[in-house]
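Student: I'd like to learn how to read a protein structure. Can we go through one together?
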Amino acid sequence: MTIRKILAYPDPVLRVPAVPVTKFNEDLSQLVVDMAETMYDAPGIGLAAPQIGESIQLILVDVSREEDEQKFMVMINPEIIEHEGKQDDEEGCLSVLELTAMVQRYQKVTVRYQDIAGKEQELNAEDRFAVVLQHEIDHLNGVLFIDHLSSLKRSLYKKKVKKMLAADQRG
Ligand code: NI
């Protein structure tokens, strides 16, 4: 088990569209274990493989009901096949430092995916869980939640990141 480094915006790897997973083998299981470790260490409620530099269509979402519990779902090659309604909720991202913002998403989604054994599955989600799924699936398309903000908000954030990076180089 290894805690992997989480890439942060503006790392270009976060913008690379992830390729479908075709091999459901030990390497994939090992990657899932590392991602779970990394997600709970962060801590986060979702993690997409591209965030640790693996540009493949794999996401983990936390489904713990209690605080001290660690229970997650693995979704491979996930795809939103149906959606309904709209909701606004606050989002943050382990790859977008020091920012949370309101984002509009679908209220309900149906996701088709493969499980760790490669078996096809479908899942209906709504409310906060639907938000997390949409956010993580976006990562597989090289999309970050800041892409859903107004261009003004996004450019303010870009300026802030430039300042943070400049301060890092000086320090
Ligand atoms: Ni994220």
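Tutor: Sure! A helix here is a DSSP run of at least four residues, and helices are numbered from the N terminus. This is a predicted model, and in it Glu 136 lies in helix H2, residues 127-140.

Student: What does UniProt list for Glu 136?

Tutor: The unreviewed UniProt entry lists Glu 136 under "active site".

Student: Is Glu 136 buried or exposed?

Tutor: Buried means under 20% relative accessible area. Glu 136 has 5% relative accessibility, so it counts as buried. Leaving aside neighbours within four places in sequence, Glu 136 is in contact with several residues, including Gly 46, Gln 51 and Val 61.

Student: Which residues coordinate the nickel ion?

Tutor: For a metal, you look for the donor atoms around it. Here they are SG of Cys 93, NE2 of His 135 and NE2 of His 139, at 2.1 to 2.2 Å. Cys 93 sits in strand S4 (residues 87-93) and His 135 in helix H2, 42 residues apart, so this pair links distant parts of the chain. Cys 93 is buried at 13% relative accessible area, and His 135 is buried too, at 7%.

Student: What about helix H1: how many residues does it have, and what do its buried residues pack against?

Tutor: H1 runs over residues 26-41, which is 16 residues, and reaches 23 Å from its first C-alpha to its last, close to the expected 22 Å. Its buried residues, among them Leu 28, Val 32 and Met 39, pack against strands S1, S2 and S3. At the N-terminal end, Asn 25 caps H1, with a side-chain oxygen 3.2 Å from the backbone nitrogen of Asp 27.

Technical notes. Residues are numbered from 1 along each chain as its sequence is written. This is a predicted model: local features need pLDDT of at least 70, side-chain atom pairs count only at pLDDT 80 or more; totals for chains, interfaces and linings use all residues. Side-chain values use heavy atoms; hydrogens and water are left out. UniProt positions are given in the numbering used here, feature names are shortened, and annotations may be inferred rather than shown by experiment. Helices (H or I, at least four residues) and strands (E, at least two) are DSSP runs, numbered from the N terminus. Buried means under 20% relative accessible area, exposed over 50%, partly exposed in between (1.4 Å probe, protein chains only). Contact means heavy atoms within 4.5 Å. Donors are N, O and S atoms within 2.8 Å of the metal (3.2 Å for Na, K and Ca); water is not among the atoms, so sites may look incomplete. The expected span of a helix is 1.5 Å times one less than its number of residues. A polar contact is a pair of N or O atoms within 3.5 Å; within protein, one must be able to donate a hydrogen and the other to accept it, and residues adjacent in sequence count only if both atoms are side-chain atoms.
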